[in-house]
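Dear colleague,

I am passing on the structure below, and would be grateful if you could read the notes that follow it with the coordinates open.

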Amino acid sequence: MRITVLGSGTSHGVPFIGCHCAVCSSTDPRDQRTRPSILIDIGPRGGESAVGTAVRYILVDTSTDFRQQALARRVDRVDAILFTHSHADHICGLDDIRRYNEMQRSSIPCFGSADTLSDLRRIFSYIFTPMQQGGGVPKIELFPLGGAFSLGGVEIVPIRLMHGRLPVLGFRIGTFAYMTDCNHIPDESWPLLAGVKTVILDALRHRPHSTHFSVGEAVDIVSKLGIERAYFTHISHDLGHAETCARLPAGVELAYDGLVLDVLETPG
């Protein structure tokens, strides 16, 4: 299984508009961060699926920068979309999905909590109650999540997290977990993370924040889980890539746009 980090930045992206700090002015490409999203390539395979079509490429969130990310990383196919929550930086690229409808000649299944899908229907009402012809609209099918489900023969486990007072979802596939936009893991979610070896986890900055883990808090979560490889995401301009990574524990790094991870689905 291959994970591509499409975006690793906070909701503002990095550089921030109008900011000339050291990170926003950095020439290190790892300090150029688009809004958070990943692409999961589960490889060609058969197997049961929650939808009736073959699934290989699973997108997590349609970030504000999705078109830019898709062009930069040559994302030529999207078979399914998982939504963590409905904040703007995680959904505002949804309209660009219509290009995949054209190329693949099919609608795309989208999975999320009932509240998130309700928000999608409200925010993108033109998709579900089209009034104007021309230009096209994304063709998607919404599937509310109530627990673990299968796509392309692999089990996907939704992980309930808290983003301040907002419940959001992380996702686990095999030994990998993705948990962006969170500052608390509820007690009932910890058992669902047992055996995870690689994680991409929210770590906004060093200073505490009301809705995101700080770097120190994220390091503590990694230690508690006994993770072998951890990559921090949803990164603000407070954190320069090279300087921050030099101070992190072994096995822990900042993610960056374009990072590719090969992950074993089962311990090996």
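**Strand 5 and its surroundings**

Pro-109 is buried, with a relative accessible area of 3%, where buried means under 20% relative accessible area, exposed means over 50%, and partly exposed lies in between, using a 1.4 Å probe and protein chains only. Before going further, please note that this is a predicted model, in which local features need pLDDT of at least 70 and side-chain atom pairs count only at pLDDT 80 or more, while totals for chains, interfaces and linings use all residues. Residues are numbered from 1 along each chain as its sequence is written, and side-chain values use heavy atoms, with hydrogens and water left out.

Pro-109 belongs to strand 5; helices (H or I, at least four residues) and strands (E, at least two) are DSSP runs, numbered from the N terminus. Strand 5 is mostly covered, five of its five residues being buried. In a regular strand the side chains alternate between the two faces of the sheet. Here Ile-108, Cys-110 and Gly-112 point one way from strand 5, whereas Pro-109 and Phe-111 point the other way, and all are buried. Between the C-alpha atoms of Pro-109 and Thr-4 the distance is 20 Å, the two being 105 residues apart in sequence.

**The sheet that holds strand 5**

Strand 5 is part of an open sheet of seven strands with the order 6-5-4-3-2-1-14 and mixed pairing, two strands being counted as paired if DSSP finds at least two bridges between them. At the edges are strand 6 (140-144) and strand 14 (260-262), each of which pairs on one side only. From one strand to the next the twist averages 20°; axes are lines fitted to C-alpha atoms, for helices over the stretch in contact, and angles run from 0 to 180 degrees between N-to-C directions.

On one side, strand 5 runs parallel to strand 4, to which two bridges join it, and Cys-110 in strand 5 stands opposite Ile-81. On the other side, five bridges join strand 5 to strand 6, again in parallel, with Pro-144 in strand 6 as the bridge partner of Gly-112. Strand 4 (residues 80-82) also pairs in the parallel sense with strand 3 (residues 57-60), over three bridges, and there Ile-81 in strand 4 stands opposite Leu-59. Helix 4 (residues 114-123) packs on this sheet, touching strand 5 (108-112) and strand 6, and its direction makes about 150° with that of strand 6; contact means heavy atoms within 4.5 Å.

**The other sheet**

Another open sheet of seven strands has the order 7-8-9-10-11-12-13, with mixed pairing. Its edge strands, strand 7 (149-151) and strand 13 (252-254), each pair on one side only, and the twist averages 25° from one strand to the next. Strand 12 (residues 229-233) and strand 13 run parallel and are joined by three bridges, with Tyr-231 opposite Glu-253 in strand 13. Lying across strand 10 (176-179), strand 11 (198-202), strand 12 and strand 13 is helix 6 (residues 215-225), which runs at about 155° to strand 12.

**Cysteines**

With a disulfide taken as a pair of cysteine sulfur atoms within 2.5 Å, the count comes to zero. Cys-92 is in no disulfide, the nearest cysteine sulfur, that of Cys-110, being 14 Å away. Cys-92 counts as partly exposed, at 41% relative accessibility, whereas Cys-110 is buried, with a relative accessible area of 0%.

With best wishes
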